[in-house]
Amino acid sequence: MTPTQAPFPATRFRRLRRTPALRGLAQETHLSVKDLIWPIFVTDVPGADAPVASMPGVARVTVEGAVRAAEEAARLGIPAICLFPYTDAALRTEACEEAWSPENITNRTIRAIKAAVPDVAVMTDIALDPYNANGHDGLVRDGIILNDETVEALVRMALAQAEAGADILGPSDMMDGRIGALRTALEGAGHSDVAILSYAAKYASAFYGPFRDAVGAGGRLVGDKKTYQMNPANSDEAIRLVARDLSEGADMVMVKPGMPYLDICRRVKDAFGAPTYAYQVSGEYAMLMGAIERGWLKEEVILESLMAFRRAGCDGVLTYFAPRVAKMLG
Ligand code: PBG
């Protein structure tokens, strides 16, 4: 009991839970379609525009399919789409050159969406894994993930995406120094208005498995990502990473995965008050969908899971549920 609170029966919390109207008035946190970023998978590999088995309800789409998704986002009021590419096996090399080709699948999709539906913000992913022969986010030499060489590659990748018209760049690679390098390069190239949503606190997580199926990087991955993604046991380190990325020029920061890391979301929001996002990742989606499909959980669990991010201080959430939630909130 807080000092100002009268004892029972003066205080009966159930009074404000009695009707929907009263519950609505007493509601502290709200979830809106405006809080959602919708991640989609794009490909031009023949036959690959197909359902992703480990993500029920999610399918890779062609460039035209991505434009249709953006149109759906506009109709539903979803403010942003985030693109992840599934590239041809022949384009996955040790040097990852395809990552900064102006004609790669991501850049062609950015241009197509911005031409057709300019009001929907397009976010991208900056990391080499969809283009890398060995599935890593960075360049690899003698089994080591190279930091500084990778940052140079990421800068090229980012400039190509900015040139194609991306609104928000999402560096998900976890190399050190990349935010500063990207910001400097963007300013230098006349792209000072392009925003950076840094995957600042990104953990080395088993919850990314279905995503790696979706972009075709899982089977290729040599080893794991623990030398660059965070140890799930660490919390203070997340604060230091967010401080670093904000000081280097990030506009928004992300915590990833989401639901198992709500404590980190809250700490980050309280410490910085910066625009803070969570990624409800593929494994979280798969868990919820698996249970919903079997009838073990009701669909409303989706809204509860997303409200939890808002309550934990997040301004928005990247979620594969975005279009479904938009309709549920309808
Ligand atoms: C890779 C990247 C990953 C995700 C987004 N960008 C996977 C990884 O780090 O291995 C995961 C998203 C998800 O699981 O939904 N740079």
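**Exercise 1. Place Asp-213 in the chain and classify its exposure.**

Step 1. Asp-213 sits in helix H6, residues 209–214. Helices here are DSSP runs of H or I with at least four residues, strands are runs of E with at least two, and both are numbered from the N terminus. The model is predicted: local features need pLDDT of at least 70, side-chain atom pairs count only at pLDDT 80 or more, and totals for chains, interfaces and linings use all residues. Residues are numbered from 1 along each chain as its sequence is written.

Step 2. Apply the burial rule. A residue is buried if 20 or more other C-beta atoms lie within 10 Å of its own, exposed if 12 or fewer, and partly exposed in between, with C-beta atoms placed from the backbone. Asp-213 has 19 C-beta neighbours inside 10 Å, so Asp-213 counts as partly exposed.

Step 3. List the contacts. Two residues are in contact if their C-beta atoms, placed from the backbone, lie within 7 Å. Not counting residues up to four places away in sequence, Asp-213 touches Val-52, Ala-53, Ser-54 and Gly-218.

Step 4. Check a distance. Asp-213 and Arg-68 are 145 residues apart in sequence, and their C-alpha atoms are 23 Å apart in space.

**Exercise 2. Do the same for Ser-305.**

Step 1. Ser-305 belongs to helix H10.

Step 2. Ser-305 is buried because 21 C-beta neighbours fall inside 10 Å.

Step 3. Beyond its neighbours within four places in sequence, Ser-305 contacts Met-259, Gln-280 and Leu-288. For Met-259, the separation from Ser-305 is 46 residues in sequence and 7.4 Å from C-alpha to C-alpha.

**Exercise 3. Which residues surround the ligand, and how do they divide by class?**

Step 1. Collect the shell. A residue is near a molecule or strand if its C-beta atom, placed from the backbone, lies within 6 Å of it. The shell holds Asp-125, Ala-127, Asp-129, Asp-137, Ser-172, Tyr-208, Phe-211, Arg-212, Lys-225, Val-281 and Ser-282.

Step 2. Sort them. Ala, Val, Leu, Ile, Met, Phe, Trp, Tyr, Cys and Pro count as nonpolar, Asp, Glu, Lys and Arg as charged, and the others, Gly among them, as polar. The result is four nonpolar, two polar and five charged residues.

**Exercise 4. Find the backbone exceptions.**

Step 1. Look for cis peptide bonds. Phe-8 to Pro-9 is cis, with omega near 10 degrees. Pro-9 is in the segment before helix H1 (20–26). Lys-256 to Pro-257 is also cis, with omega near -10 degrees. Pro-257 is in the loop between strand S8 (252–256) and helix H8 (262–272).

Step 2. Look for positive phi outside glycine. Asp-142 has phi of about 50 degrees. Its loop runs between strand S4 (140–141) and strand S5 (144–145). Asp-142 has 5 C-beta neighbours inside 10 Å and therefore counts as exposed.

Step 3. Phi of Met-174 is near 70 degrees. Met-174 lies in the loop between strand S6 (168–171) and helix H5 (178–188). Met-174 is buried because 25 other C-beta atoms lie within 10 Å.

**Exercise 5. On how many sides of H11 do the buried residues lie?**

Step 1. In helix H11 (residues 322–329), the buried residues are Ala-322, Pro-323, Val-325 and Ala-326.

Step 2. Take the arc of the directions from the helix axis to the C-beta atoms. The buried residues cover an arc of only 160 degrees, so they are on the same side of H11.

Step 3. Name the partners. The buried residues of H11 pack against strand S1 (36–43), helix H2 (63–76), helix H10 (301–311) and strand S10 (316–319).

**Exercise 6. Which residues touch the most other members of the largest nonpolar core?**

Step 1. Define the set. A nonpolar core consists of buried Ala, Val, Leu, Ile, Met, Phe, Trp, Tyr and Cys residues joined through C-beta atoms within 7 Å.

Step 2. The largest core has 101 residues, and Ile-81 and Ala-158 touch the most other members. Helix H4 (residues 148–164) supplies the largest share of this core, 10 residues.

Step 3. Inspect Ile-81. Not counting residues up to four places away in sequence, Ile-81 touches Trp-38, Ile-40, Ala-69, Ala-70, Ala-73, Ile-113, Val-120, Val-122 and Met-123.
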